[in-house]
Amino acid sequence: MPFTLKVATRDWHPKDHISFNTSNGPPNNKAFESSTTIANPQNATESMTIPVWPVHCVQGTPGAEIISEINTARIDRIVDKGRDSRVEMFSAFADAFGNKSEAASFDLATCLKESGISRVFIVGVAGDYCVRYTAIDAKKEGFDVHVVVEGVQSIDEGEQGWGATKREFEEAGIKLVSIVGDEVQAIASSS
């Protein structure tokens with residue numbers, strides 16, 4: 001596809017990331033079942049509860065790399081996110097508290113705006129977490145946001161997960177589009 005700028009994201013967690021089940025003691029160490037409370041690194045009076053995950057995407061390991069089916073030579077930039085062990089970062093734009101910090105390898109909003117980007121098309125995993133928060137934050141940053149449904153896989157494909165995310169997108173003015181829909185085909189035919 002002849003997109004102006006192709007950006008990939010990847011979780012790039014330290015081995016002691018706060019969301020990992022191995023970083024949390026019993027009984028709060030059951031991946032996909034438990035939760036833990038984290039504090040905002042920039043405001044200790046602010047906290048939130050996040051899900052506990054199995055260890056994943058640890059910096060420098062094969063599990064953190066972009067999958068081999070994606071030709072990384074065609075990617076212009078890669079955002080390494082979730083680099084701060086103290087805070088969750090589902091979005092490619094900011095951590096769970098909305099902080100733009102060293103938790104990401106660069107400021108995606110600034111990069112896109114400096115490149116003259118006004119519309120973003122988002123695909124990826126997990127639809128009900130990383131795709132969700134990236135799309136919401138892209139909209140907050142003023143972008144026209146499209147999520148390509150065939151390119152999204154969620155942790156929870158049901159009404160509480162992807163279903164709730166789709167409703168949130170509709171309320172926020174984020175467009176769910178198809179790879180064969182007019183929005184994507186207009187870009188494909190512009191090459």
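Helices, of at least four residues, and strands, of at least two, are DSSP runs numbered from the N terminus, and in this predicted model that numbering places Phe-32 in the loop between β1 and β2.

## Backbone features in the loops

Most residues other than glycine have a negative phi, and most peptide bonds are trans. Against that background, Phe-32 has a positive phi, near 70°, and at 55% relative accessibility it counts as exposed, because exposed means over 50%. The loop between β1 and β2, the latter spanning residues 35-40, also holds Pro-27, which is joined to Pro-26 by a cis peptide bond with an omega of about 0°. A second cis peptide bond, with omega about -10°, joins Val-125 and Ala-126, and Ala-126 sits in the loop between β5 and α2. In the loop between β3 (43-51) and β4, Cys-57 has a positive phi, near 50°, and with a relative accessibility of 21% Cys-57 counts as partly exposed.

Positive phi values are also found at glycines that follow helices: Gly-142 comes after α2, and Gly-173 comes after α3. The phi values are collected below.

| Residue | Phi | Place |
|---|---|---|
| Phe-32 | near 70° | loop between β1 and β2 |
| Cys-57 | near 50° | loop between β3 and β4 |
| Gly-142 | near 100° | follows α2 |
| Gly-173 | near 85° | follows α3 |

## Helices α2 and α3

Helix α3 covers residues 159-172, and its buried residues are Gly-161, Trp-162, Gly-163, Thr-165 and Phe-169. Viewed down the axis of α3, these buried residues fall within an arc of 165°, so they line one face of the helix. An α-helix has 3.6 residues a turn, so residues three or four places apart point the same way. The face of α3 that is turned away from the buried side carries Glu-159, Gln-160, Glu-170 and Glu-171, which are exposed. The cover over the buried residues of α3 includes α2 (127-140), β6 (144-153) and β7 (175-177).

Which residues of α2 are buried? They are Gly-127, Asp-128, Cys-130, Val-131, Thr-134, Ala-135, Ile-136, Asp-137 and Ala-138, and what covers them includes the strands β1 (7-11), β4 (77-81), β5 and β6 together with α3.

The two helices pack against each other at an angle of about 5°, with their axes 10 Å apart, and α2 and α3 are therefore roughly parallel to each other. On the α2 side, the contact is made by Gly-127, Asp-128, Val-131, Arg-132, Ala-135, Ile-136 and Lys-139, while α3 contributes Gly-161, Trp-162, Thr-165, Glu-168, Phe-169 and Ala-172. By residue type, this contact of α2 with α3 divides into six nonpolar, three polar and four charged residues.

## The nonpolar cores

The largest nonpolar core has 29 residues, and those that touch the most other members are Val-120, Val-145 and Val-147. The elements that give two or more residues to this core are α1 (108-114), β5 (119-125), α2, β6 and α3. Another core, of five residues, lies apart from it and has Phe-121, Val-148, Val-184 and Ile-187 among its members.

With neighbours within four places in sequence left aside, Val-147 is in contact with Ile-122, Val-131, Ala-135, Val-152, Trp-162, Phe-169, Ile-174, Lys-175, Leu-176 and Val-177. Among these partners, Val-131 and Ala-135 are buried residues of α2, and Trp-162 and Phe-169 are buried residues of α3.

Val-120 belongs to strand β5, and because buried means under 20% relative accessible area, its 10% counts as buried. Residues up to four places away in sequence not being counted, Val-120 touches Leu-112, Ala-138, Phe-143, Asp-144, Val-145 and His-146. The C-alpha atoms of Val-120 and Ser-34, which are 86 residues apart along the chain, are separated by 33 Å.

## Lys-113 in helix α1

Is Lys-113, a residue of helix α1, buried, exposed or partly exposed? At 43% relative accessibility, Lys-113 counts as partly exposed. Beyond its neighbours within four places in sequence, Lys-113 is in contact with Glu-141 and Phe-143. Lys-113 and Lys-140 are 27 residues apart in sequence, and their C-alpha atoms are 13 Å apart in space. Phe-143, a partner of Lys-113, is also touched by Val-120.

Terms used. Residues are numbered from 1 along each chain as its sequence is written. This is a predicted model: local features need pLDDT of at least 70, side-chain atom pairs count only at pLDDT 80 or more; totals for chains, interfaces and linings use all residues. Side-chain values use heavy atoms; hydrogens and water are left out. Buried means under 20% relative accessible area, exposed over 50%, partly exposed in between (1.4 Å probe, protein chains only). The arc is that of the directions from the helix axis to the C-beta atoms. Contact means heavy atoms within 4.5 Å. Axes are lines fitted to C-alpha atoms, for helices over the stretch in contact, and angles run from 0 to 180 degrees between N-to-C directions. Angles under 35 degrees count as roughly parallel, over 145 as roughly antiparallel, 65 to 115 as roughly perpendicular and the rest as oblique. Ala, Val, Leu, Ile, Met, Phe, Trp, Tyr, Cys and Pro count as nonpolar, Asp, Glu, Lys and Arg as charged, and the others, Gly among them, as polar. A nonpolar core is a set of buried Ala, Val, Leu, Ile, Met, Phe, Trp, Tyr and Cys residues joined through side-chain atoms within 4.5 Å.
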